[in-house]
Amino acid sequence: MKKPHEFLNAIRNGQEIEWDDFLQVMGKHAVMPSTICRIFSQTSPFAKKTTIHIEDENGCESLETRFPQPVPVIDRISAAVAGDSHQFAVDGSMLIVQSCTWSHPQVAVSWDGTTWAPLPETDLHLVIVENMQNFLRLRETLSLIKTLCGIEAREDSILFAYGAGNAAAKPCNARYYRHFSSVNCLFDLDRGGIRTYGTLKRLLSPEGMKPTFLIPDDAKKRLNHSRWWLDDDELRYIHTAKNDHPELKPLLDYMHHTRKKLEQETYLETQHG
């Protein structure tokens with residue numbers, strides 16, 4: 001036994017423990033031997049291992065509260081009880097989607113991480129938009145991807161999904177994305193955007209799909225005018241990302257050369273002139 005809760009559990013269950021080890025472990029957690037000797041007593045003070053009497057029930061309960069038994073972590077709920085919900089992902093997922101033919105966005109939901117509803121209509125092309133402002137300015141974003149990003153699909157065959165950061169790349173989302181004719185990523189031209197794109201590539205590979213990273217035709221000009229600089233860590237990431245994403249090499253080379261990055265909200269400024 002090496003942890004306080006293990007000793008306390010053994011004492012509570014009437015099991016023998018090594019008293020000296022108990023004192024040493026509790027001392028490492030700022031519980032003085034005098035406190036232990038007030039709360040507990042040895043059945044046999046001469047035996048190496050002995051059962052322990054609880055002399056002060058309130059004191060014992062206080063230690064049990066301070067050093068609780070670990071909670072078996074099997075899902076996000078039990079992880080939250082254990083003190084760190086981020087150990088597990090949420091069971092399901094949710095995506096806000098919008099078509100230019102709809103009056104307002106809709107929600108696609110997976111309650112269990114497996115089944116999605118509603119499923120998209122057939123022959124639709126998905127565009128995942130990283131930034132909310134671009135998602136809300138649907139008409140301008142639609143114009144951008146068709147005039148500068150090479151999207152040739154009909155407007156009514158394009159479905160936009162709002163996917164901020166890693167939310168777009170949740171593993172269960174692949175079960176939704178696979179229903180589209182193509183998956184396109186309108187992400188920032190920075191480390192976060194490239195990283196999320198890479199995660200999507202890995203997720204969609206088993207589905208036989210390859211996402212497309214949307215790059216405006218005038219990306220070099222935009223990067224030249226950008227006021228956002230890549231720091232040294234970001235530059236190293238951009239350099240190594242060329243090996244993982246050779247299809248993005250011209251973009252990544254130019255980002256590395258200029259030491260610049262670009263947030264897609266600036267696309268909207270250009271749209272307004």
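These exercises work through the sheet, a helix pair and the salt bridges of the structure above.

The model is predicted: local features need pLDDT of at least 70, side-chain atom pairs count only at pLDDT 80 or more, and totals for chains, interfaces and linings use all residues. Residues are numbered from 1 along each chain as its sequence is written, and side-chain values use heavy atoms, with hydrogens and water left out.

**Exercise 1. The sheet**

Give the strand order of the open sheet, and explain what sets its edge strands apart.

Solution.
- Start with the terms. Helices (H or I, at least four residues) and strands (E, at least two) are DSSP runs, numbered from the N terminus. Two strands pair if DSSP finds at least two bridges between them.
- Read off the order. The six strands run β6-β5-β8-β7-β9-β10, and the pairing is mixed.
- Turn to the edges. β6 (106-110) and β10 (212-213) each have a single partner strand, so one side of each is left without a neighbour in the sheet.

**Exercise 2. Around β5**

Find how β5 pairs with β6 and with β8.

Solution.
- Take β6 as partner. β5 and β6 are antiparallel, with five bridges. Ser 93 has Ser 110 in β6 as its bridge partner. Six residues form the hairpin connection from β5 to β6.
- Take β8 as partner. β5 (residues 93-99) and β8 (residues 158-162) are also antiparallel, here with four bridges. Ile 96 sits opposite Tyr 162 of β8.
- Add the helix. α7 (residues 138-147) lies across β5, β7 (125-129), β8 and β9 (182-186). Its direction makes about 120 degrees with β8. Such angles run from 0 to 180 degrees between N-to-C directions, and axes are lines fitted to C-alpha atoms, for helices over the stretch in contact.

**Exercise 3. Two helices**

Describe how α9 packs on α11.

Solution.
- Get the geometry. The axes are 10 Å apart and the angle is about 30 degrees.
- Classify the angle. α9 and α11 are therefore roughly parallel; the class takes angles under 35 degrees, with over 145 as roughly antiparallel, 65 to 115 as roughly perpendicular and the rest as oblique.
- Assign the hand. The crossing is left-handed, that is, the near helix is turned anticlockwise from the far one by less than a right angle.
- List contacts (heavy atoms within 4.5 Å). From α9 come Arg 191, Ile 194, Arg 195 and Lys 201. They meet α11 residues including Asp 233, Tyr 237 and Ala 241.

**Exercise 4. Salt bridges**

Count the salt bridges, then place three pairs by distance and exposure.

Solution.
- Apply the rule: a side-chain nitrogen of Lys or Arg within 4 Å of a carboxyl oxygen of Asp or Glu. The count is 14.
- Fix the exposure classes: buried is under 20% relative accessible area, exposed over 50%, partly exposed in between (1.4 Å probe, protein chains only).
- Place Glu 207 and Arg 178. Their closest N and O atoms are 3.8 Å apart. The pair links distant parts of the chain, 29 residues apart. Glu 207 is partly exposed at 32%, and Arg 178 is partly exposed at 39%.
- Place Arg 222 and Asp 218. The N–O distance is 2.7 Å. Arg 222 is buried at 8%, whereas Asp 218 is partly exposed at 23%.
- Place Arg 259 and Asp 232. The N–O distance is 3.3 Å. Arg 259 lies in the loop between α12 (249-258) and β12 (260-261), and Asp 232 in α11, 27 residues apart. Arg 259 is partly exposed at 36%, as is Asp 232 at 48%.
- Finish with the network. Shared partners join Arg 12, Glu 57 and Glu 64 through salt bridges.
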